[in-house]
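Q: Could you take one part of this model and look at it closely with me, then follow its connections outward? I would enjoy a single connected walk rather than a list.

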Amino acid sequence: MTQENIVPKHTDVVRPKRLPRYTSYPTALEFDALDAKTHDAWLRSLPMCEPVSLYFHIPYCEKLCWFCGCFTTISNKYGPVETFLDVLKKDIRQTAEKTGRLKVSHIHFGGGSPSILEPDDFASLIAVVKECFQIDDNEEFAVEIDPRTVDRNKIFSYARAGVNRVSLGIQDFNEKTQIAINRVQPVELIAENMKNFKDAGIDRINFDLIYGLPYQTLETITATIEQTLKFKPSRIALFGYAHVPHMKKHQKMIEGHAIPDQKERQAQFELASRLLMENGYRSIGLDHFALPDDHLFVSFDQGKLKRNFQGYTEDKADTLIGFGPSAISSMPNGYGQNIPMIRQYLDKVSAGQSPVVRGLTVTSKDKMFRDVISTLMCYFKVDPLEIARAHGIEYDFAREFSDLNILVSAGYMKKDGLRYSITDEGELYLRAIATVFDQYFDQSSDIIDRCIHESEG
């Protein structure tokens, strides 16, 4: 999963209707201008004894997928990618000069399409990462894969570099849907990919699936899930297609096709979820599913599940350092986002400047509410006062409890002492329920109206 897509915060920007996914708190919608010197100071203050995670955003694809909501550009030639990699290496070295050679627990390559990189270039990039950070004992090294851009040679090069998890962008197995979204990848291609990854010793395999795409029906969703079950990936992310052509102009290419309405989308999600759980997968949080031997499943059972810009994760690090255009860093002091335009990113880093332009400082109260919301998003239950005590903060949650009690009366939540948990019916409105604790969210609207809006959005 790539990092959260961002809409800049300006007074003249109308915020999207869709509710935050709460992959961070405060959410990226609250980001404003951030002095790069502030971000540099945060980097320098990171303790050498604590592990960090690294995220690399590779902003290039060979072809444009019309459903895509990521920061990416299409490159018909490899030259721009090579130029970008040279600058990315400089960014890594400049950052390491500020942090020191920190130990790394997780590495994630997103995009765009990280699999666009040629094997020698990927190896060269990892050599620079190893030069600047301690990555030999990292727990997870993941790469997002466009199945159309990898072959056996490239896959084995990942294994040699230390990659131990891959996420395949499947989306859907229905050919009519694939044509409508400009991403045709026959099942035989996926089968070849799977064999090569297994032969290379990479058996932590994720499938990214999407519902709500053109021409998807309950019948095609069933067929896609049945095909997925044959491949038996250890983890599945099941996302809803976000149609935002006002933000992503290329999505207008989809508008001539039959896009499922909200009622159909919900039915598709419920059907896919049921089929996965009937076949050995556990539902994890909002949109993930995992087999019993997957690390996400284990972290969930141990109460260690977290949610960050890559979605649900077992990553234990409190710091995530982002590299590349639009990448976001999350540190104890706050969030920083790199400039999203590739040309300006290249210019800044080449000039020896920090590419960070936006972000915010987080307060102790922000961190408390982050834990409250994250707990709710991961486990569908929360005791806010218990979390406040753990943070050493006195807060009565008077308004929040009032809204939660309304949700209890509506049947969306239930209360046991001071612990609130979301009911099966309430799971449909998880993000709306999370807004109760969002101190930056406009609380003037009725909480039930927010739930209704989420069901229609």
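A: Happily; let us start at G112, which sits in the loop between β5 (104-111) and α3 (119-132). Please keep in mind throughout that this is a predicted model. The peptide bond that joins G111 and G112 is cis, with omega at about 15°. A second cis bond runs from Y25 to P26, where omega is near -5°; P26 belongs to the segment before β1 (32-33).

Now step back into the strand itself. H106 is part of β5, and it counts as buried because its relative accessible area is 7%, under the 20% cut-off. Its side chain makes a polar contact of 3.3 Å with the side chain of D315. Leaving out residues up to four places away in sequence, H106 touches V52, S53 and L54, then N138, E139 and E140, and finally T313, E314 and D315.

H106 also leads us to an enclosed space. The model has four cavities of 30 Å³ or more, and the largest cavity holds about 190 Å³. H106 is among the residues closest to the centre of that cavity, together with H108, E140, Q310 and T313, out of 19 lining residues. Two or more lining residues come from each of β2 (52-58), β5, β6 (140-145), β7 (165-171) and β13 (311-313). The largest share, three residues, is from β5. By class, the lining of the largest cavity has eight polar, six nonpolar and five charged residues.

What about the nonpolar packing? The largest nonpolar core has 73 residues, and those with the most contacts inside it are I92, F109, F122, F133, L168 and F207. Helix α2 (residues 79-99) supplies the largest share of this core, seven residues. Another core lies apart from it, with 43 residues that include A388, F397, A432 and I448. Back in the largest core, F133 is a good residue to inspect: beyond its neighbours within four places in sequence, F133 is in contact with L54, I92, A96, T99, G100, R101, L102, V104 and F323.

Helix α2 brings us to the second largest cavity, where α2 gives the most to the lining, with four residues. This cavity encloses about 100 Å³. Its lining counts 15 residues, and L43, D91, T95, S354 and P355 lie nearest the centre. At least two lining residues come from each of α1 (36-44), α2 and β14. Seven of the lining residues are polar, five nonpolar and three charged.

Following β14 (320-323) onward, we reach S326, in the loop between β14 and β15. The phi of S326 is near 75°, positive although the residue is not glycine. S326 is buried because its relative accessible area is 6%, under the 20% limit. Y215 likewise has a positive phi in a non-glycine residue, near 65°, and lies in the loop between β8 (204-211) and α7 (218-231). Y215, at 25% relative accessibility, is partly exposed.

Finally, β15 points to the second largest pocket, with about 680 Å³ of space. β12 (306-308), β15 (328-331) and α11 (364-379) each give at least two residues to its lining, and α11 gives the most, eight. Of the 28 lining residues, K306, R307, D318, R370 and D371 lie nearest the centre of this pocket. The lining divides into 13 nonpolar, eight polar and seven charged residues.

Key
Residues numbered from 1 in each chain as written. Predicted model: local features only at pLDDT ≥ 70, side-chain atom pairs only at ≥ 80, totals over all residues. Heavy atoms only, no water. Core = buried A, V, L, I, M, F, W, Y, C linked by side-chain atoms within 4.5 Å. Buried < 20%, exposed > 50% of the residue type's maximum accessible area, 1.4 Å probe, protein only. Contact = heavy atoms within 4.5 Å. 1 Å grid on protein atoms, 1.4 Å probe; cavity = no way out; pocket = protein on both sides within 12 Å on 5 of 7 lines; lining within 4 Å. Points joined across faces, edges and corners; volume = space filled by probe spheres on them. Nonpolar A, V, L, I, M, F, W, Y, C, P; charged D, E, K, R; others polar. Polar contact = N/O pair within 3.5 Å; in protein donor to acceptor, adjacent residues only side chain to side chain.
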